[in-house]
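Here is a set of short questions and answers on one protein model. Keep the structure open and follow along.

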Amino acid sequence: MMTVNDKGTILCVEDNPDNRMLVRRILLAEDYSLMEASNAAEALNLLKGAKPDLILMDINMPDMDGYTLTARIKTMPGFERIPILALTANVMRGDREKTLEAGCDGYIQKPIDIDELTSVVERFIARSANA
């Protein structure tokens, strides 16, 4: 699914439909364009035809987890510099470091805080545009 606005395009990879809906509502209200995938295979398929400005990555997904998918995306030509933000309920000591080691550029804890999501996304989109 793709919804088009003009502040930037974000791919949200999230297997939980409630979390996808929350992210959709927040980002569309902020005038971002949104692509959505419910698993790694859908995300990789979407990335064949589109290049988002930022990727929100659920870490705990069936089939292929977000760590593996992030590492795979970062090796794809043209995707090395696209910021990937982990969306995760993993908040134990070392989890943030594990997401960064996997190639994620940032980390957003679940449950998703609306203000945190918008400010972190804005910061990384701006940084990406200036890179």
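**Reading the model, contact by contact**

Q: Leaving out residues up to four places away in sequence, which residues does T99 touch?
A: The model is a predicted one. Contact here means heavy atoms within 4.5 Å. With residues up to four places away in sequence left out, the partners of T99 are I59, Y67, A86, C104 and Y107.

Q: Is T99 buried or exposed?
A: T99 sits in helix 4, residues 95-101. Buried means under 20% relative accessible area. T99 has 1% relative accessibility, so it counts as buried.

Q: In which strand does I55 lie, and what is its relative accessible area?
A: I55 belongs to strand 4, which spans residues 54-58. The cut-off for buried is under 20%. I55 is therefore buried, at a relative accessible area of 0%.

Q: Which residues does I55 touch, not counting those up to four places away in sequence?
A: One of them can be placed through strand pairing: L11 has I55 as its bridge partner in strand 4. The full set of contacts for I55 is L11, V13, I73, I82, P83, I84 and L85.

Q: Which residues of strand 4 are buried on each side?
A: In a regular strand, side chains alternate between the two faces of the sheet. Strand 4 is mostly covered, with five of its five residues buried. Both of its faces are covered. One side holds L54, L56 and D58, and the other holds I55 and M57.

Q: How many bridges join strand 2 to strand 4, and in what sense do they run?
A: Strand 2 covers residues 9-13. L11 finds its bridge partner I55 in strand 4. The count is four bridges, and the two strands run parallel.

Q: Which residue of strand 5 is the bridge partner of L56?
A: Strand 5 is made of residues 84-88. Four bridges pair strand 5 with strand 4 in the parallel sense. The partner of L56 in strand 5 is L85.

Q: What is the handedness of the β-α-β crossover from strand 4 to strand 5?
A: Strand 4 and strand 5 are parallel. The chain passes through helix 3, residues 66-74, on its way between the two strands. This crossover is right-handed.

Q: Where do the buried residues of helix 2 sit around its axis, and how wide is their arc?
A: In helix 2, residues 40-49, the buried residues are A40, A43, L44 and L47. They lie on the same side of helix 2, because their arc around the axis is only 95°.

Q: Which residues are exposed on the other side of helix 2?
A: The buried residues of helix 2 have cover that includes strand 2, strand 3 (33-37) and helix 3. The other side has exposed residues. They are A41, N45, K48 and G49.

Q: Which residue caps the N-terminal end of helix 2?
A: Look for a side-chain oxygen 3.1 Å from the backbone nitrogen of A41. The residue that supplies this oxygen is N39.

Q: What is the radius of gyration of the protein?
A: The protein has five helices and six strands. The globule rule gives 14 Å for 131 residues, and the protein's value is close to that, so it is as compact as a globular protein of that length. The radius of gyration is 13 Å.

Q: What share of the 131 residues is buried?
A: T99 is one buried residue, and I55 is another. Over the protein, the buried share is 47%.

Note on methods
Residues numbered from 1 in each chain as written. Predicted model: local features only at pLDDT ≥ 70, side-chain atom pairs only at ≥ 80, totals over all residues. Heavy atoms only, no water. Buried < 20%, exposed > 50% of the residue type's maximum accessible area, 1.4 Å probe, protein only. Pairing = 2+ DSSP bridges. Right-handed = clockwise from strand over helix to strand, strands pointing away. Arc of directions from axis to C-beta. Polar contact = N/O pair within 3.5 Å; in protein donor to acceptor, adjacent residues only side chain to side chain. Rg over C-alpha atoms; globule rule 2.2 N^0.38 Å.
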